[in-house]
Amino acid sequence: MSFLNQFQALASQSKCLNVALWSVFCLGVLKATTLILSFSSMIFDLFLLPAVSFSQYGAKKGKYCVVTGASDGIGKEYARQLAKRGFNLVLISRTLSKLEALKSDFESKYGVQVRIVSLDISKDTPENYEAISETCKGLPITILVNNVGQSHSVPVPFLETEEKELRDIITINTTATLMITQIVAPTIVQTAKESKCKGLILTMGSFGGLLPTPLLATYSGSKAFLQSWSAALAGELKEKNVDVEIVLSYLVTSAMSKVRRTSIMIPNPTQFVYATLKNIGRRCGAQERYATITPYWSHAMYHFFIENTVGVSSKVANAINYSFHKSIRVRALKKAARQAKQQ
Ligand SMILES: NC(=O)c1ccc[n+]([C@@H]2O[C@H](COP(=O)([O-])OP(=O)(O)OC[C@H]3O[C@@H](n4cnc5c(N)ncnc54)[C@H](OP(=O)(O)O)[C@@H]3O)[C@@H](O)[C@H]2O)c1
C-alpha cells in the first residue's frame with residue numbers, strides 16, 4: 001500500500017483525525033516548500049546572480065565613502081575595493097602612519113581623493129566626533145562603512161572581564177558607531193536626494209552577535225545590539241533612498257580573529273569584502289532576516305544550516321558555542337603561560 005493510500009485509510013477513520021492529519025500534511029508541505037525556496041534563493045545570491053553595480057551609489061562621480069577601522073583587516077579591504085570602484089574616501093582609525101601609507105597608495109593606484117582621520121574611537125569624546133564632522137563637512141558622501149570593532153583579547157567569563165575591556169567594546173562597537181552614523185547619515189540622505197542616487201550604510205555584525213556566545217558575552221551583546229539597531233534604521237531610511245545593511249561574518253583572517261591561515265570556513269579580508277560588495281542588497285545566508293546579509297558562501301551555508309536546524313538561540317547552539325570558546329580559552333591561556341616562561 002502506497003504512503004498516500006495508508007494516509008487516506010488512516011484519515012477516513014474519524015473526521016477529527018482526518019482534519020488533524022490533513023493539517024499536519026499541509027503544514028509539512030508548506031514548510032518544505034519555503035525551505036526549498038529560501039535555499040534556492042541563497043544559491044542564486046551566492047553563485048548565480050551577477051555582481052551588484054555600485055553606479056547606483058554614485059561610483060566614479062566624485063562621491064565619498066567613509067570607512068571606520070580602515071587601516072587594517074576587513075576595513076582596509078572595504079576601503080581598497082571601494083576606491084577601486086571609483087569612490088573617494090574618508091578613512092578613520094588610530095594609527096596615523098598606516099592611514100598615510102594607504103592614502104598615498106590609493107590616490108596613486110586608483111586616482112581617488114583620500115582624507116584621513118587618526119583618532120582613538122574608544123575615547124568617547126566630543127573632540128573625536130568634531131574631528132570626524134569637520135573632515136566630512138561639505139563632502140558628497142553616499143556610503144558609510146561602520147567597520148570598526150573590538151572583541152575580547154581572549155574568550156573570558158563575563159564575571160572576570162576587565163572593566164576597561166568591557167567599556168572599550170561597548171564604546172567602540174555601539175556608542176561610537178551610533179554617533180558616527182548620526183554625523184554622517186544626514187549627509188548621505190542629502191547627497192542621495194540631490195544627486196538622484198542611493199545611499200548605503202553597512203555595519204559589521206558577527207556570528208558572535210547572531211548566536212549568543214558564552215565567554216564573549218560583551219562582544220556578543222554589542223553585535224546583537226547592532227543587528228537590531230541596523231535593521232530598525234533600515235526601516236527608517238528606506239524612504240530616504242538609503243540602503244542599510246548589517247553584514248554577518250563567521251571568522252575571517254585578521255589581527256582581531258588571530259587566525260592567520262585561510263580555510264573553507266575562514267576567508268581572508270579580500271575574499272570576504274569581495275563577497276560582501278558583490279551581494280549588497282541580497283540576503284545570501286540570512287534569507288529570513290530583513291536588511292541583513294551573510295555574504296561569504298561557507299558562512300552563508302553555515303548560517304542557513306543553524307537557522308533551519310537547532311536555531312541560533314537554542315540551548316544546543318549555546319552549549320556547542322560555549323565548549324568551542326572554552327577550548328580556545330584554554331589554548332590561549334596555555335600559550336600566554338608559555339610566553340611568560342620564555343621571558
Ligand atoms: N575577523 C573576524 O573574524 C571577524 C568576524 C566577525 C566580525 N568581524 C568584525 O569585523 C570588523 C573588523 O574586524 P577585523 O578583524 O578586520 O579587525 P582588525 O584586523 O583588528 O582591524 C581593526 C581596525 O580597526 C581599527 N581600530 C581598532 N581599534 C580602534 C580604536 N580604538 N580607534 C580607532 N580605530 C581602531 C584598527 O586600526 P588601528 O589599530 O590603527 O587603530 C584597524 O584598522 C569588526 O567590527 C569585527 O567585529 C570580524
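Author: A pocket is an open set of grid points with protein on both sides within 12 Å along at least five of seven lines, and its lining residues have an atom within 4 Å of a point. The model discussed here is predicted.

Reader: Which residues line the second largest pocket?

Author: The lining consists of K198, A234, K238, N241, V242, D243, V244, E245, G281, R283, Y290 and A291. Strand β6 (residues 242–247) supplies the largest share, 4 residues. The space in this pocket comes to about 180 Å³.

Reader: How do the residues of this lining divide into nonpolar, polar and charged?

Author: There are 5 nonpolar, 2 polar and 5 charged residues. G281 belongs to the lining; Gly counts as polar under the definition used.

Reader: Why is F225 called partly exposed?

Author: The relative accessibility of F225 is 38%. Buried requires under 20% and exposed over 50%, so F225, at 38%, counts as partly exposed. F225 is part of helix α8 (residues 217–237), and beyond four places in sequence F225 touches T174 and L178.

Reader: What makes the aromatic pair of F39 and F304 edge-to-face?

Author: The ring centres are 5.6 Å apart, with 65° between the planes. Rings pair if their centres lie within 6.5 Å, and planes over 60 degrees apart count as edge-to-face; the pair of F39 and F304 therefore meets both conditions.

Reader: Why is this pair said to tie together parts of the chain?

Author: F39 lies in helix α2 (residues 15–48) and F304 in helix α10 (residues 297–308), so the pair joins parts that are 265 residues apart in sequence.

Reader: Are F39 and F304 buried or exposed, or in between?

Author: F304 has a relative accessible area of 9% and is therefore buried, since buried means under 20%. F39, at 37%, is partly exposed.

Reader: Why is the pair of F207 and Y302 called stacked?

Author: The ring centres are 5.9 Å apart and the planes stand at 20°. Planes under 30 degrees apart count as stacked, so this pair is stacked. F207 is buried, at 5% relative accessible area, whereas Y302 is partly exposed, at 33%.

Reader: Which residues of the largest nonpolar core touch the most other members?

Author: Of its 38 residues, F54, Y78, L82, L89, L91, I143 and F272 do so. Helix α3 (residues 73–84) gives the most to this core, with 5 residues. Another core, of 37 residues, lies apart from it and includes I132, I201, V244 and L248.

Conventions. Residues numbered from 1 in each chain as written. Predicted model: local features only at pLDDT ≥ 70, side-chain atom pairs only at ≥ 80, totals over all residues. Heavy atoms only, no water. 1 Å grid on protein atoms, 1.4 Å probe; cavity = no way out; pocket = protein on both sides within 12 Å on 5 of 7 lines; lining within 4 Å. Points joined across faces, edges and corners; volume = space filled by probe spheres on them. Helix = DSSP H or I, 4+ residues; strand = E, 2+ residues; numbered from the N terminus. Core = buried A, V, L, I, M, F, W, Y, C linked by side-chain atoms within 4.5 Å. Buried < 20%, exposed > 50% of the residue type's maximum accessible area, 1.4 Å probe, protein only. Contact = heavy atoms within 4.5 Å. Phe/Tyr/Trp six-rings, centres within 6.5 Å; stacked < 30°, edge-to-face > 60°.
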